[in-house]
Amino acid sequence: MQDKNLELMKNAPIPKAVLSLALPTVFSSIVILLYNLADTYFIGMLNDKFQLGAVSLAYPIFTVVQAIGNIFAIGASPYISRCLGAQEHDKVKRASSVAVWTSVGITLALTVIYFMFNKPFLDMLGTDANTFLPTKHYLDICVLFGIFMTMQTVMQAFLRSEGKIKESVIGMVIGTITNIVLDPIFILPWGLNMGTGGAAWATILGNAVSVVYFAIIYFKRNCFVSIRFRDFKPSKEIYSEVLRIGVPSSAGQILMGATNMVFNVLAVPYGDYVIPAYGVAGKMMYISIIIVNGYTSGYLPLAGYNYGAKNMKRVRSAFKFMLISSTALCLVLLIPLLFLARGFMGLFTTDPEVIDMGVRFLQMYAICMPVLGMQSTFMSTLQVLGKALRAMIITIGRQTVIFYPLVYGLNHFFGLSGLVVSNSIADIFNTLISALLVAAPLRQMIKESKEAA
């Protein structure tokens, strides 16, 4: 199986190789979102906008837990692919084991910090008398058992990095089905009637089932990657390679949680319908984003393997195909944002104010949709080429120096209408900056590919 996967990355036609690696990744990304969509859907059936808003308010802390896994999943995967391309299999085992167990240790440490400062964290999120308890119930469970979210993220990413796409998707599907089956049982009045707390339990148990499945694959199948503690042999090289890519990439996710918190705080004065509307609409926005990012992340193993093997011509061809095809994908994704927004909102709430507000968010976000494929392709290429500083500028810039002046300025001068359009404008600016930062490394890669021809 390994030979077949490596042959795909080494010799298959570029479109076939990219699509074979990317499409299952898109599917697994959608599966991840279904965890959260299922929670929101069944909480919406309670007809309680405060519990619906609580899930949105909890998002910043929830993303921190997810980001720990992504630091090591995104950071180690290109390194593992390069090591596979260079036939350095011992480094693959060590890097994967170090990444898994380090991520677990950091998650446990952050769990302790969260429970030490529980109330200040919840106050900082913008909770009030109506949303404090449902937000607390959701977060306490997710954070307490956050290691399952971390391990699921890291373990499935490493299977993808060596080409075991089918196994990674199966594990995600098993976890999602578990979550969806348990959600109504834990959330709704005819079941355990636990509300947001029940949603958290269903999510955690779904993650735990996926982790068990992935562990079986790691131990029973002939994998290059490893989670065995005997392969846990930290080194400066491993941490440097993993963190210089993983931290910039995941910093964007952590900062996204922070920007979401700022957005919620600014939205509170406009009415108690704005936060649940943004929370539900954000799910559809996020569907579009993870489809695009999942598609371009499928290009990472292919480009990383060939970059490690010094096959620059193939890396260049993969980049061209990904840039064109991801942009085309984004144009297709405009359709649901523009024409299916009201129907989507109606799946989660019957409140007319929440629905109308959510439609405004979705239709305004469509403005930036055509450029997201370019932005994601540029970011993935910088990760493959090991340009950590440039990647950090893009991810951190989008969530800080671009977003904060925009959201505060637009809110000050245009009120709620300014808030609605702030994310779209920030993404357009960030894509322009991404194009400038990737230009020089691309020119160097093109030069090397021509010299190798």
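Axes here are lines fitted to C-alpha atoms, for helices over the stretch in contact, and angles run from 0 to 180 degrees between N-to-C directions. The views below show a predicted model.

**View 1. Packing of helix α3 against helix α6 in the predicted model.** Helix α3 spans residues 49–85 and helix α6 spans residues 132–144; the two pack at an angle of about 30 degrees, and their axes are 8 Å apart. Because angles under 35 degrees count as roughly parallel, α3 is described as roughly parallel to α6. The crossing of these two helices is right-handed. On the α3 side, the contact is formed by Phe50, Gln51, Ala54, Leu57, Ala58, Ile61, Phe62 and Val65. These residues meet Pro134, Thr135, Tyr138, Leu139, Cys142 and Val143 of α6. By class, the contact of α3 with α6 comprises 12 nonpolar residues, two polar residues and no charged residues.

**View 2. Packing of helix α4 against helix α6.** Helix α4 covers residues 89–116, and its axis comes within 9 Å of that of α6, with a crossing at roughly 150 degrees. Since angles over 145 degrees count as roughly antiparallel, α4 is assigned as roughly antiparallel to α6. The crossing of α4 and α6 is left-handed. Thr111, Tyr114 and Phe115 of α4 meet Leu139, Asp140, Val143 and Leu144 of α6. The residues of this contact fall into five nonpolar, one polar and one charged. Leu139 and Val143 are listed in the contact of α6 with α4, and both are also listed in the contact of α6 with α3.

**View 3. Contact between helices α11 and α12.** Helix α11 runs over residues 274–297 and helix α12 over residues 299–308. Their axes come within 5 Å and cross at roughly 25 degrees, which means that α11 is roughly parallel to α12. Tyr295, Thr296 and Ser297 of α11 are in contact with Tyr299, Leu300 and Pro301 of α12. Four of the residues in the contact of α11 with α12 are nonpolar and two are polar, with no charged residue.

**View 4. Polar contacts of Ser210 and Asn179.** Ser210 belongs to helix α9, residues 196–220. With a relative accessible area of 0%, Ser210 is buried. The side chain of Ser210 reaches the backbone nitrogen of Gly175 at 3.4 Å. Asn179 is located in helix α8 and likewise counts as buried, at 0% relative accessibility. A polar atom of the Asn179 side chain lies 3.2 Å from the backbone nitrogen of Thr203.

**View 5. Loop residues Asn47 and Asn193, each with a positive phi.** Asn47 is placed in the loop between α2 (14–44) and α3. Phi of Asn47 is near 55 degrees, a positive value in a residue other than glycine. The relative accessible area of Asn47 is 60%, so this residue is classed as exposed. Asn193 occupies the loop between α8 (165–187) and α9. Its phi is positive as well, at about 55 degrees, although Asn193 is not a glycine. Asn193 is partly exposed, with a relative accessible area of 48%.

**View 6. Surroundings of Val420 in helix α18.** Val420 is found in helix α18, which comprises residues 416–452. Its relative accessibility is 5%, and Val420 therefore counts as buried. When residues up to four places away in sequence are not counted, Val420 touches Met357, Arg360, Phe361 and Met364. Ile393 is 27 residues from Val420 in sequence, and the two C-alpha atoms are 25 Å apart in space.

**View 7. Surroundings of Val247 in helix α10.** Helix α10 extends over residues 236–267 and contains Val247. Val247 has a relative accessible area of 33% and is partly exposed. Leaving aside neighbours within four places in sequence, Val247 is in contact with Ile71 and Val242. Thr111 is separated from Val247 by 136 residues in sequence and by 19 Å in space, C-alpha to C-alpha. Thr111 is also one of the α4 residues that meet α6.

Note on methods:
Residues numbered from 1 in each chain as written. Predicted model: local features only at pLDDT ≥ 70, side-chain atom pairs only at ≥ 80, totals over all residues. Heavy atoms only, no water. Helix = DSSP H or I, 4+ residues; strand = E, 2+ residues; numbered from the N terminus. Parallel < 35°, antiparallel > 145°, perpendicular 65-115°, else oblique. Left-handed = near helix turned anticlockwise from the far one by under 90°. Contact = heavy atoms within 4.5 Å. Nonpolar A, V, L, I, M, F, W, Y, C, P; charged D, E, K, R; others polar. Buried < 20%, exposed > 50% of the residue type's maximum accessible area, 1.4 Å probe, protein only. Polar contact = N/O pair within 3.5 Å; in protein donor to acceptor, adjacent residues only side chain to side chain.
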